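User: Could you take me through one part of this protein up close? I work at the bench, so plain language suits me best.

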Amino acid sequence: MEPTLLQTEVDPQVIADGVNLMWVLVATFLIFFMHAGFAMLEAGQVRSKNVANQLTKNLLTWSVGVTVFFLIGAAISGVVGGDGFSLTATAENPNAWVDWLFGAVFAMTAATIVSGAVAGRAKLRAYVGYTIVLAAVIYPVVAGMGWGAEGPLTGAGVLGDALDGVGFHDFAGGMIVHGMGGIAGLTAAWILGPRMDRYNDDGSANVIPGHSLTFAVLGTLILAFGWYGFNVGTAATVFTVTESGELALGAYETVGRVAMTTTIAMACGAIGAGLVSWFKTSKVDTLYVANGLLAGLVGITAIPDTTAWWGAIVVGGIAGAQLPIVFDFIESYLKIDDVCAVFPVHGSAGIIGTLLFPFVAAPGVVDSIGTAFAAQVAGVAIITVWTVATTAIVFGAFKAIGQARVSPEHERDGLDVSEHGVDTYPEFGQPDVATDGGSGEIIRTDGGKRVDDSRSSSDLRSDGGEPNDGEIKMVTAIVRPDRLGAIKQSLAEAGAPSLTVTNVSGRGSQPAKKGQWRGEEYTVDLHQKVKIECVVADIPAQEVVDAIREGAETGEPGDGKIFVMPVEGATQIRTGKTGRDAV
């Protein structure tokens, strides 16, 4: 007897809607995760004293921006895109909020790009104020013109209708999101002016390296991972239902091409930037490779659904190769301090990729290269003019009332302290923290802690005199940070009662080093050191000197120096004891 298969009637539209909604949500979550990448990338490219400020900007960009976009921006985008919008418009279809959320993460990507350009000198209130305007008006107008009321899910806005139906083509936001964000960042950086010490009086530029290349590279890879949601996720309709009631592939017909061109352009962007860097400096600059990878992604984002495989190589290669050249032009000729290379990565790469649309399209995609190119030029021009004008107005207004950038004193101190009252790396330069993470307690060689004031055997002298001839001595040593643990152990064995450790920098016999940041060379002649101070009365100063030297010596230039100085007096705060008794 053959088994009977139970047939269940399922509406194909229910299956299509469920799968489509799930796909859009997964892509949305990937795009949201890109904020982690932006945070790490930007934090790595700023100085350590500005890291918390940059992280706070990224957090507030999302928090403030998405709220404003929900309350105001989405409605503005709907009006510009030719369709009404209200907070009650989805009462009969709650799942329509999925489309809103997908558009919102695109909007917040555009907003967070700007923070990298104005790092290190913009007041938090100015940046948050601009984020509000961008989320409420600036980006929604651009998205409405380029994509219509429903954002990237439709891909057809008033720009297409205004250009004889040919249409401005931007599949996932190469110009609408990234190009707009890069242009806004460059404009804001121009209005604010460069960071202190960025340029000399003769106009030559000084290199200001970021604090963590590791953060920058890891942030790049996180962004690249999220980018698959950005590009591939825009192919949002997995299934559609035909007129005959059958399931069929929707926009997913092109998903293979989108994934392929995104991957190839990403890879070729890194290669292009690396080759140009190597040609300019004879070295493959790591940060340029990372930035070039992102530039390749930006370049293909407008056209991954239409580009031929060879076109992805061309677009990615050009987007990556232009990065060092454009950054050098902005830095050396325009004198604009774009801290995180926002414009070369997002602005110029987005513009180039968008304009290349008709020239790299797969066969049969474009009927007239000239007409299609004209539509792309018109779209880029309109978005550029709108973005420059609105950004200049907002930051110009903040500048006019003296609220655009922090004071010189606050900029010197760092925005972490002046804007947030925090220290991202409290162990850097703090006098009460040991670089090896130790507590500074004297440890006995038998594993126990020294807890009493009994004198060691070294206190006794054969001539009957007192150590240091009855004087108090200060032993100061400047040593390598990595030798601190060995020095503490050596001092413990010598019976040294106390020590103070400070992180310092300086120079002596140790030769200077050459560093490179985004293809530019700079000299490192101040080396990180540790200063150890030990005041002794009952311990012979020479024994302390010998103990420090034993622990610090490596035999290489830069081991440091030890100084012994007399101390005129000492007072113990708790007991009021003075002189040798205080020590």
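I would like to hear about the four-stranded open sheet, and then how the helices and loops elsewhere look beside it.

Analyst: Happy to. One thing to keep in mind from the start is that this is a predicted model.

Let's begin with the sheet itself. Its four strands come in the order β4-β7-β3-β8, and their pairing is antiparallel. The two edge positions belong to β4, residues 500-506, and β8, residues 560-567. Each of these has a single partner strand, so one of its sides has no neighbour in the sheet. If you look from strand to strand, neighbours are turned against each other by 25° on average, with direction ignored.

Now zoom in on β7, residues 527-536, which is joined to β3, residues 472-479, by seven bridges in an antiparallel arrangement. Two bridge pairs are handy landmarks here. Methionine 474 has valine 535 of β7 as its bridge partner, and helix α16, residues 541-552, packs on this sheet, where it touches β3, β7 and β8. The direction of α16 makes about 10° with that of β3. The other landmark is valine 479, whose bridge partner in β7 is valine 530.

Valine 530 is worth a second look, since asparagine 503 also has this β7 residue as its bridge partner. That pair takes us to β4 and β7, which pair in the antiparallel sense over seven bridges.

What about the packing of nonpolar side chains? The largest nonpolar core has 93 residues, and Phe69, Phe106 and Tyr139 are the ones with the most contacts inside it. Helix α3, residues 96-117, gives this core its largest share, 13 residues. There is also a second, separate core of 21 residues, and Val530 is included in it, along with Val475, Ala477 and Leu491.

Phe69 deserves a stop of its own. Apart from neighbours within four places in sequence, phenylalanine 69 is in contact with a set of residues that includes Trp100, Gly103, Ala104, Met108, Tyr139 and Pro140. Phenylalanine 69 is also where helix α2 bends, by about 55°. The span of α2, residues 51-80, fits into this picture: its end C-alpha atoms are only 38 Å apart, while a straight helix of 30 residues would span 44 Å. For contrast, try helix α8, residues 255-281. Its 27 residues reach 39 Å from the first C-alpha to the last, close to the 39 Å expected at 1.5 Å a residue. Serine 282 follows α8 and has a positive phi, near 65°.

Two further backbone spots can be found in the loop between α10 and α11. Lysine 335 lies in this loop, which runs between α10 (309-332) and α11 (342-355), and alanine 341 is found there too. Lysine 335 has a positive phi of about 55° although it is not a glycine, and alanine 341, also not a glycine, has a positive phi of about 55°. Are these residues buried or exposed? Lysine 335 is partly exposed, with a relative accessible area of 35%. Alanine 341, at 1% relative accessibility, counts as buried.

Key:
Residues are numbered from 1 along each chain as its sequence is written. This is a predicted model: local features need pLDDT of at least 70, side-chain atom pairs count only at pLDDT 80 or more; totals for chains, interfaces and linings use all residues. Side-chain values use heavy atoms; hydrogens and water are left out. Buried means under 20% relative accessible area, exposed over 50%, partly exposed in between (1.4 Å probe, protein chains only). The expected span of a helix is 1.5 Å times one less than its number of residues. The bend at a residue is the angle between axes fitted to the seven residues ending there and the seven starting there. Two strands pair if DSSP finds at least two bridges between them. Axes are lines fitted to C-alpha atoms, for helices over the stretch in contact, and angles run from 0 to 180 degrees between N-to-C directions. Contact means heavy atoms within 4.5 Å. A nonpolar core is a set of buried Ala, Val, Leu, Ile, Met, Phe, Trp, Tyr and Cys residues joined through side-chain atoms within 4.5 Å.
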